[in-house]
Amino acid sequence: MLQVRQAKLTLEDGNVFVGKSFGSEKPVAGEVVFYTGMTGYPESLTDPSYTGQILVSTYPMIGNYGVPAGATENGIHKYFESHKLHISGLIISDYSFEFSHWNAEKSLSDWLKEYEVPGLFDIDTRALTKILREKGSMLGKIEFEDEKIDFYDPNKENLVARASCTQREVYGNGNPRVVLIDCGVKNNIIRCLLKRGATVIRVPWDYDFSNEDYDGVFISNGPGDPAMCTETVDNIRKTLTGSKPVMGICLGNQLLARAAGANTYKLKYGHRSHNQPVLLRGTERCFITSQNHGYAVADETLPEDWEPMFTNVNDNTNEGIRHKTKPFFSTQFHPEASSGPTDTEFLFDDFIDKIKNA
Ligand SMILES: NC(=O)CC[C@H](N)C(=O)O
């Protein structure tokens, strides 16, 4: 009979959920957020944007397809979104102790233990998610028996400095040359740029790239509160005085907006799923998108020469911005998907076309 240790998740509002451990037996504290995608845990767990967060999966059965092999291609992991797990903890309902997939190399349980990430199953994730939806994302902690730790708010820290690379690195050798500001970039953004022939010059979040030889700038996704990233915003602001094309994704949308002079704010519980509908402004085209964010751009604070580009059809929040005359745009959702629908990957083509036409 399998021996599993009990552990509990305590929310800052006092709610306690008792579950069973299938990951590392290390207590952690962080922000508790829910994710409603049905698949994609290898991608989500390695997405640097989840730094500091305890992830609750609303899809009940997790682990059944194991964890893919750690192969690399073009200098990056082939199946993961970064080189390690970034979530602080994982909360699920039913853990599948059996896994089966042509590419599975290990179990989710072994993977969590390898990266010292605690995971709890047998939690009523439906009840937990209802609390997070009604009261909003909140702090939480995972503790084992008599251990006691304090709550911790990751959003008070500059998480981007933790998630970004520390050295400039170049991938590919084609055209155009794109400076990628790495705020905690997902590998699929690099793959999407390489697939379109670009040279990707990946630089740390606070790197002054003004002396680089480049044709366009890409601002990546990343963790935490965009207001913490002032150095990046200063560098982007300098770029906006020129006319080289700029594209941003998620945190990149928020940082581009802040560089333009707009504000960002925290959403009640964020968007973390594969089925978020976004409307392309000025058209009746709606796309189903992959998302993972807790902050948003305040449309009404955009300066005169900028406009909202996409709007979320569920809650009318901002899903992208564009400059009215210059080739600068960004999306709050993830055109690189991974995981999730790839319907908006054409935006990478638009970015490359803008560079070619510049
Ligand atoms: N995926 C991201 O880039 C997330 C951006 C930001 N950290 C947010 O939560 O809104």
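Here are some questions and answers on a predicted model and its ligand.

Modeller: Residues are numbered from 1 along each chain as its sequence is written. The model is predicted, so local features need pLDDT of at least 70 and side-chain atom pairs pLDDT 80 or more, totals for chains, interfaces and linings use all residues, and side-chain values use heavy atoms, without hydrogens and water.

Biologist: How many residues surround the ligand?

Modeller: A residue is near the ligand if one of its heavy atoms lies within 4 Å of it. Among the closest are G222 and N292. The full number around the ligand is 13.

Biologist: Which element gives the most to the shell around the ligand?

Modeller: Helices (H or I, at least four residues) and strands (E, at least two) are DSSP runs, numbered from the N terminus. Two elements give two or more residues: α7 (251-260) and β20 (286-297). The most, four residues, come from β20.

Biologist: How many residues of the shell are charged?

Modeller: Asp, Glu, Lys and Arg count as charged; Ala, Val, Leu, Ile, Met, Phe, Trp, Tyr, Cys and Pro as nonpolar; the others, Gly among them, as polar. The shell has four nonpolar and nine polar residues. Charged residues: no such residue.

Biologist: How much of the ligand's exposed area does the protein bury?

Modeller: Start with the atoms. A backbone N or O atom of G224 lies 2.7 Å from a ligand nitrogen, and one of Y295 lies 2.8 Å from a ligand oxygen. Taken alone, the ligand exposes 300 Å² (Shrake-Rupley method, 1.4 Å probe). The protein buries 97% of that.

Biologist: Why is the pair of F218 and F351 called edge-to-face?

Modeller: Rings of Phe, Tyr and Trp (its six-membered ring) pair if their centres lie within 6.5 Å; planes under 30 degrees apart are stacked, over 60 edge-to-face, the rest tilted. The structure holds 15 aromatic pairs. In this one the centres are 5.7 Å apart and the planes stand at 80°, so the pair of F218 and F351 is edge-to-face.

Biologist: How many residues apart in sequence are the parts that this pair ties together?

Modeller: F218 lies in strand β17 (residues 216-219). F351 lies in helix α8 (residues 346-357). The parts are therefore 133 residues apart in sequence.

Biologist: Where is P176, which a cis peptide bond joins to N175?

Modeller: Most peptide bonds are trans. The bond between N175 and P176 is cis, with omega about -5°. P176 sits in the loop between β14 (169-171) and β15 (177-182).

Key. Polar contact = N/O pair within 3.5 Å; in protein donor to acceptor, adjacent residues only side chain to side chain.
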